[in-house]
Amino acid sequence: MKRLLGTLAFVALAACASQPAPPVILQGDAVSRAWLAGVWNGEYWGGAGGRHGSLGFTLQSGTDSLYGDVTMIDPAGNTIRPADPAEAHRLHVHGAQQLRIDFVVARADSVQGRLEPYVAPDCQCTVSTVFFGQVRGNTLSGTFETHDARGVRARGFWEMTRTGSAR
């Protein structure tokens with residue numbers, strides 16, 4: 001999961017440099033969304049097999065359009081596959097190995113969201129990841145859980161720092 005979040009930052013930066021993927025509409029009131037405005041980068045750790053990595057997203061001030069994708073590779077070097085068909089998947093991400101942030105909601109100083117379902121290499125099963133966090137100044141940190149049809153498969157932590165403003 002750490003790599004998942006780490007890759008999120010890398011992909012979000014790549015999205016800014018190339019043709020943008022469709023944004024995720026950030027749910028929540030204007031004040032809660034304002035807490036998240038900016039360019040965020042960080043890392044995650046834990047989860048199945050000790051995954052870790054970097055992550056990031058961008059939210060322009062005064063908008064509800066959040067941009068961010070995740071590229072995840074597990075410690076054995078296996079790539080994570082999206083659960084949807086390749087043709088459909090390419091419509092909402094920049095690359096075949098990236099995962100989309102499907103949903104994010106901000107309430108006061110907290111955030112929660114989920115990634116699109118993907119096929120985890122450790123079980124060859126479809127999983128999804130939910131994340132929870134809190135904003136404290138220029139730091140956003142929290143936990144994540146990865147689930148399959150039987151329940152929780154992995155848990156971990158993540159932390160991001162606001163590295164700039166989005167324009």
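This is a short walk through a predicted model, stop by stop, with something to select at each one.

**Stop one: strand S8**

Start by selecting residues 110-115, which make up strand S8. Show the side chains and look along the strand: which ones point to the buried face? Val111, Gly113 and Leu115 do, while Ser110, Gln112 and Arg114 point to the other face and are not buried. That is a familiar pattern, since in a regular strand the side chains alternate between the two faces of the sheet.

**Stop two: the neighbours of S8**

Keep S8 on screen and add residues 98-107, strand S7. S7 and S8 run antiparallel and are joined by 6 bridges. Pick Arg107 and you'll find that its bridge partner in S8 is Ser110. The hairpin of these two strands has 2 residues between them, and one to click on is Ala108, with a positive phi near 55 degrees. Hold on to Ala108; it comes back at the next stop.

Now bring in strand S10, residues 125-136. S10 is also antiparallel to S8, with 5 bridges between the two. For a landmark, go to Val111, which stands opposite Gly133 in S10.

**Stop three: Ser32 and the hairpin**

Select Ser32, in helix H2 (residues 30-34). Buried or exposed? Ser32 is buried, because its relative accessible area is 2% and the cut-off for buried is under 20%. Its side chain makes a polar contact of 2.9 Å with the side chain of Asp29. A polar atom of the Ser32 side chain also lies 2.7 Å from the backbone nitrogen of Ala108, the hairpin residue with the positive phi. Leaving aside residues up to four places away in sequence, Ser32 touches Ala106, Arg107 and Ala108.

**Stop four: the salt bridges**

How many salt bridges are there to visit? The count comes to 3. As background, side chains of opposite charge can pair when their charged atoms come close.

- Back in S7, select Arg100 and Asp102: their closest N and O atoms are 3.7 Å apart. Arg100 counts as buried at 14% relative accessibility, whereas Asp102 counts as partly exposed at 31%.
- Next, select Arg155 and Glu145, which meet at 2.9 Å, N to O. This pair links distant parts of the chain, with Arg155 in strand S12 (residues 151-164) and Glu145 in strand S11 (residues 139-148), 10 residues apart. Arg155 is exposed, with a relative accessible area of 54%, and Glu145 is partly exposed at 21%.
- Then go to Arg150 and Asp148, whose side chains meet at 3.2 Å, N to O. Color this pair by accessibility if you can: Arg150 is exposed at 71% relative accessible area, but Asp148 is buried at 13%.

**Stop five: an aromatic pair**

The structure holds 4 aromatic pairs. For one of them, select Trp40 and Phe57: the pair is stacked, with 6.0 Å centre to centre and 20 degrees between the planes. Trp40 lies in strand S2 (residues 38-46) and Phe57 in strand S3 (residues 52-59), so the pair ties together parts that are 17 residues apart in sequence. Hide the surface to see them: Trp40 counts as buried at 0% relative accessibility, and Phe57 counts as buried at 7%.

Technical notes
Residues are numbered from 1 along each chain as its sequence is written. This is a predicted model: local features need pLDDT of at least 70, side-chain atom pairs count only at pLDDT 80 or more; totals for chains, interfaces and linings use all residues. Side-chain values use heavy atoms; hydrogens and water are left out. Buried means under 20% relative accessible area, exposed over 50%, partly exposed in between (1.4 Å probe, protein chains only). Helices (H or I, at least four residues) and strands (E, at least two) are DSSP runs, numbered from the N terminus. Two strands pair if DSSP finds at least two bridges between them. A salt bridge is a side-chain nitrogen of Lys or Arg within 4 Å of a carboxyl oxygen of Asp or Glu. A polar contact is a pair of N or O atoms within 3.5 Å; within protein, one must be able to donate a hydrogen and the other to accept it, and residues adjacent in sequence count only if both atoms are side-chain atoms. Contact means heavy atoms within 4.5 Å. Rings of Phe, Tyr and Trp (its six-membered ring) pair if their centres lie within 6.5 Å; planes under 30 degrees apart count as stacked, over 60 as edge-to-face and the rest as tilted.
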